[in-house]
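This report looks at how strands lie beside one another and how nonpolar residues gather. Please keep the sequence and the structure in view while reading.

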Amino acid sequence: MQPPVTLASRPEMERLDALASLDILDTPAEAEFDVLAELARTTLGAASAAVSLVDGHRQWFKARSGIPFSETPRDVAFCQHAMDERTLLVVTDASLDPRFRDNPLVVQAGGIRFYAGVPLLLASGHCVGTLCVFDPTPRTGLTDFESATLRRLADLAVELLEARRERQLADVAARVVEATPDAVVAADADGRIAFWNTSAQRLFGKTAEMAIGAPFDALFAPPSEGDSAGRNPFAPAPFERLAVCADGSTRPVELSLAPWPNEKGADGVVALVRDITDRKALAREREDARTLLDNIVTHLPAMLFVKNAATREYVLINTAGERVMGRPASEVIGRTDRELFPAQGADYERRDIAAVEAGGSHVFESAFLRDDGAAARLRTTRVLIDGPERRAQYILGITEDMTPARTAEAEALRRSLYDDLTGLLNRSQAGERLHRMVAAGAPFAMLSVDLGRFRTVNANWGEAAGDRVLVEAAQRLRRLLGPADWIARVGVDEFAIMVIQGDLEARAMLIAKDAIRAVSEPFILPAGHAHLGAAVGVVLAPRDGSTAEALRENVDLALHRAKSTPEQGGICVFSAELDAAARDRRTLEADLRVAVAADAIELYYQPLVCARTGRITSAEALARWTHPTRGPIRPDVFISLAEECGLIDRLGEQLLHQACREAQTWPEAIRVAVNLSPLQFGSDRLVEIVGEALAASGLKPNRLQLEVTEGLVIRDVERTFRQLEALRALGIQVLIDDFGVGYSSLSYFQRFRFDKVKIDKSFVDDILDNRPAKAIIAAVVGLGQALGMGIVAEGVETADQMEVLAAMGCTHLQGYLFSPPLPAPAFIALVRASHPRETEAAAIAV
């Protein structure tokens with residue numbers, strides 16, 4: 001909360017004096033301020049808005065919208081902070097802001113979370129309060145447009161405050177002149193009478209017509225010889241003169257003179273004469289007040305109009321009104337809406353009648369079509385005001401052009417329903433529609449379409465090219481649908497299609513096949529052609545699920561099966577077998593969690609040998625899980641399961657520590673290679689975890705190799721290379737695994753020099769009788785030699801393969817020809833057999 005405010009400081013006392021001079025505290029509501037508060041609230045889309053004035057102990061709301069109370073103690077007022085900073089204050093979430101989180105206005109039910117306020121600075125420089133908006137829900141802040149709007153409305157509030165004071169002062173002056181029994185006479189610089197009030201007529205016996213233009217000096221007898229005050233045209237104190245009346249008589253008067261400047265810079269004189277009417281002076285004061293009011297009305301940013309309540313004829317319209325109506329005031333004044341707008345005038349007059357009958361404020365919003373064809377959305381507040389002839393003589397209207405606000409609202413609504421990029425329904429709207437369709441009980445088919453190889457487009461050509469591909473893919477898919485069907489973008493590269501009518505399964509299969517065919521057509525980009533694929537999962541409602549959640553879960557299962565079995569055409573319809581497989585996978589996941597918690601996943605080691613010497617130089621650590629009842633589980637099954645269920649970070653850390661501990665017992669010359677999942681790079685702690693494993697085991701960094709796949713790099717190129725550089729800085733070797741079978745890009749080698757490249761087994765299998773496979777291996781070897789990288793051939797199973805690969809320049813070989821993956825004790829035995837001296841030295845060191 002704000003600390004208690006004391007009135008000891010002189011600036012605060014001056015500020016309170018400035019506030020008091022407005023004579024506005026605890027006054028009744030005034031329509032112009034109420035309209036301003038409502039405009040601030042609706043324009044910024046807030047729950048509440050107020051014109052807040054802060055005195056010595058409280059903030060009091062001159063106008064409030066959406067606020068049930070009229071004041072609060074000053075020490076809890078958000079507005080005090082805006083006043084202290086003297087600039088726009090935005091609090092996005094008060095519950096998180098140490099200045100406000102304990103404030104009773106925040107902690108109470110439905111309390112303030114979002115606040116924005118602009119201080120109200122008078123022309124004198126004193127800050128008397130704020131124009132503020134607030135809301136019970138947090139927001140991210142204000143747009144530039146919203147900030148500018150709030151500041152402009154605050155400027156308007158200050159104008160209203162100061163105009164109100166000026167009107168009061170002008171009114172006081174006018175009343176004094178009206179009520180005074182003295183004559184007020186004004187003469188111009190030439191000495192000719194220019195102003196003549198009623199009391200002057202009574203005093204001098206001359207009408208205004210007789211006096212105006214006559215010499216001012218002729219009103220008075222010449223001063224006596226010793227009357228020095230009478231000879232001073234601007235004596236500081238009143239002095240006596242003889243007034244010359246129309247019948248020639250004279251009478252003594254008390255005369256006060258003051259200079260009267262005009263627009264030409266020359267000074268005339270104003271005379272206050274006892275018993276002279278103030279009619280002329282009052283007329284001038286009224287004219288000045290009217291000029292001030294006219295300036296305010298003219299420059300008011302909102303349209304303002306006044307109509308005769310009886311005849312409905314326009315009496316006044318300001319400049320903003322001319323812009324909104326598209327007509328000059330000269331064509332509007334004196335005419336009715338029926339005359340001006342034959343097609344809509346009757347509706348406008350009915351709203352005038354409603355305002356007259358309501359007796360208070362009447363608000364209506366409607367469309368308006370100007371003569372030039374431009375359309376606008378206008379909201380008009382009508383109130384009755386008294387006139388000189390009768391009460392409720394006029395209808396005062398303030399019209400706000402809501403077109404920008406409504407356009408913004410429509411755009412916000414569109415963005416809440418549709419995807420910005422593709423124009424399709426978005427994920428949120430798709431979910432709502434799905435829930436409604438399930439609740440209605442009508443049958444339908446749901447397709448989940450996933451674009452294959454989309455990430456390579458972003459990686460190779462950039463996000464702009466990826467966006468173009470997504471837009472084109474969305475258009476191709478939309479063209480496949482019937483009039484009742486609909487499509488939504490529900491993921492980065494995933495779409496949901498709802499098939500509504502007809503033979504649902506047949507139509508769903510037809511659309512699925514057409515979708516794969518459409519997406520498989522090349523996408524033409526400025527830099528080349530992109531080739532994508534697609535996988536489609538299909539469910540039928542209500543057969544495959546009675547809830548939206550069940551249908552989404554089952555279509556995801558079908559899509560997963562479609563992606564994992566491309567030989568089936570990339571389409572999978574959900575079935576009971578898939579459901580059983582999913583339940584079995586959930587059971588396996590639970591068992592895997594138990595195994596990871598018990599650190600029961602083991603490592604087997606497969607040696608890599610030097611192609612030149614045949615000696616073991618390193619070993620790849622391969623995870624193995626023996627299930628208590630199912631037996632050995634394939635690594636590709638449980639590793640992918642760990643990635644899907646969020647266990648991969650913990651499992652990867654365990655295996656890394658295990659590999660480092662066991663490698664520490666090997667000969668110094670033998671390194672250990674550990675595979676990293678791409679998901680482990682999503683953690684900001686990867687480099688820290690690797691460092692901890694090295695420190696805990698005592699293994700030297702240069703004996704640790706980390707293997708990554710090509711798929712890792714394309715997920716987040718910049719972030720991935722930053723982490724790889726950090727790992728390299730530790731002294732660790734980095735290898736790229738399965739090169740050539742994934743999303744290979746030679747640009748990766750420009751960004752980062754890998755220590756070794758591992759050629760996938762699929763190329764090694766065909767090297768003896770497949771020229772393309774041999775050519776690819778030769779190209780990779782040449783690339784490695786040029787960049788100073790080692791080349792590892794995986795899956796070597798025959799001596800012939802070994803000889804060819806060694807002859808082609810592979811530096812290292814791995815495969816069953818040398819050894820299958822072995823548990824740690826068996827691998828150590830193998831090492832001892834091939835490195836007896838190094839093993840003995842390692843044992844002594846341990």
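## A pair of neighbouring strands

In this predicted model, Glu707 stands opposite Leu735, a residue of strand β29. The strand β29 covers residues 733-739 and is joined to β28 by five bridges, and the two strands run parallel.

## Strand β28 and its other partner

On the evidence of accessible area, strand β28 (residues 704-709) is largely enclosed by the rest of the structure, because five of its six residues are buried. Strand β28 is also joined to β27 (residues 671-675), by four bridges, and these two strands again run parallel. Within this pairing, Ala673 stands opposite Gln705 of β28. Between the two strands the chain passes through helix α23 (residues 686-697), and this β-α-β crossover from β27 to β28 is right-handed.

## The nonpolar cores

In soluble globular proteins, nonpolar side chains tend to be buried together. Here the largest nonpolar core holds 72 residues, of which Tyr605, Val672 and Leu704 touch the most other members. Helix α22 (residues 648-663) supplies the largest share of this core, namely seven residues.

Which residues does Val672 touch, if those up to four places away in sequence are not counted? Its contacts include Tyr605, Ala619, Ala621, Ala659 and Ala663, and also Trp666, Leu699, Arg703, Leu704 and Gln705. Apart from the largest core lies another one, of 44 residues, and among them are Ala40, Ala49, Leu122 and Val158.

Notes. Residues are numbered from 1 along each chain as its sequence is written. This is a predicted model: local features need pLDDT of at least 70, side-chain atom pairs count only at pLDDT 80 or more; totals for chains, interfaces and linings use all residues. Side-chain values use heavy atoms; hydrogens and water are left out. Buried means under 20% relative accessible area, exposed over 50%, partly exposed in between (1.4 Å probe, protein chains only). Two strands pair if DSSP finds at least two bridges between them. A crossover is right-handed if, with the strands pointing away from the viewer, the path from the first strand over the helix to the second runs clockwise. A nonpolar core is a set of buried Ala, Val, Leu, Ile, Met, Phe, Trp, Tyr and Cys residues joined through side-chain atoms within 4.5 Å. Contact means heavy atoms within 4.5 Å.
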